[in-house]
Amino acid sequence: MEPGRWTSKEIVSWLKSLSLETYASLFEHHAVTSGEVLLELTEDHLREMRVETVGHRVLLAKRIRELKLRHDREICLDRRLDAKELLDRLQEEKWKKLYSSFPRRIFVLRHGESIGNIDKRLYRTIPDSRMELTPRGVEQARRAGKRIKDIIINE
């Protein structure tokens with residue numbers, strides 16, 4: 001039977017074939033009881049489901065991707081998709097995967113005031129990376145850290 005039509009019974013059998021049947025109740029608890037839902041699971045979903053063992057999570061994610069590929073191939077054969085539609089689907093998956101690894105935000109932060117900002121001659125003997133912050137610079141850095149924390153704490 002094609003994976004997209006699986007019921008919870010086939011999902012449990014599949015987990016057994018991977019020697020991961022201990023996750024059957026977890027899948028049931030999270031309503032992963034159809035092939036349609038199973039094929040949409042990602043490693044992030046498995047993490048949210050509390051599949052804590054990294055090796056198991058990675059293996060499950062890999063096997064689910066393989067099932068999805070097999071399922072998509074079967075759909076292509078059933079529907080006789082043309083090459084362009086198939087390529088479009090593959091590109092969409094590639095971009096989804098690529099963008100999911102990007103950070104949600106990037107903060108560009110200038111350091112606080114350093115002793116080099118006060119006396120430029122210090123750059124002759126001290127590299128920029130070794131310049132210490134002034135008391136004012138330390139306070140600037142603390143304020144910036146608090147502002148960033150306020151921005152991301154609710155995400």
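The following conversation goes through a predicted model and asks how its descriptions are justified.

Student: How do you know which kinds of secondary structure the chain contains?

Tutor: The chain has eight helices and zero strands, and reading along the sequence gives the pattern α-α-α-α-α-α-α-α.

Student: Why is His71 called buried or exposed, whichever applies?

Tutor: His71, which has its place in helix 5, has a relative accessible area of 12%, and because buried means under 20%, His71 is called buried.

Student: What does His71 touch, leaving out residues up to four places away in sequence?

Tutor: With those sequence neighbours not counted, His71 touches Glu2, Gly4 and Leu39.

Student: What makes the pair of His71 and Gly4 a polar contact?

Tutor: The side chain of His71 reaches the backbone nitrogen of Gly4 at 3.4 Å, and since a polar contact asks for N or O atoms within 3.5 Å, with one able to donate a hydrogen and the other to accept it, the distance of 3.4 Å lies within that cut-off.

Student: Why is Leu69 described as buried, partly exposed or exposed?

Tutor: Leu69 also belongs to helix 5, but its relative accessible area is 38%; buried would need a value under 20% and exposed a value over 50%, with partly exposed in between, and therefore Leu69 is called partly exposed.

Student: Which residues form a nonpolar patch with Leu69?

Tutor: Leu69, Leu87 and Leu90 form this patch on the surface, and together they have about 270 Å² of accessible area. Patch members need over 30% relative accessible area, a condition that Leu69 meets with its 38%.

Student: What makes a group of residues a nonpolar core, and which members of the largest one touch the most others?

Tutor: Such a core is a set of buried residues of nonpolar kinds, joined through side-chain atoms within 4.5 Å. The largest nonpolar core has 21 residues, of which Trp14, Leu15, Phe27, Leu38, Leu41, Leu46 and Leu60 touch the most other members. The elements giving two or more residues to this core are helix 1 (8–17), helix 2 (24–29) and helix 5 (54–79), and helix 5 gives the most, with four residues.

Student: Which residues does Phe27 touch, again leaving out those up to four places away?

Tutor: Phe27 touches Ile11, Leu15, Val32, Leu38, Leu41, Leu46, Met49 and Leu60.

Student: How much of the chain is buried?

Tutor: Buried residues make up 25% of the 155 residues in the chain, while the accessible surface comes to about 11,900 Å², with 53% belonging to carbon and sulfur atoms.

Technical notes
Residues numbered from 1 in each chain as written. Predicted model: local features only at pLDDT ≥ 70, side-chain atom pairs only at ≥ 80, totals over all residues. Heavy atoms only, no water. Buried < 20%, exposed > 50% of the residue type's maximum accessible area, 1.4 Å probe, protein only. Contact = heavy atoms within 4.5 Å. Areas by Shrake-Rupley, 256 points an atom, 1.4 Å probe, with all protein chains shown as cover. Patch = residues over 30% accessible without salt bridge, like charges linked within 9 Å, V, L, I, M, F, W, Y side chains within 5 Å. Salt bridge = Lys/Arg side-chain N within 4 Å of Asp/Glu carboxyl O.
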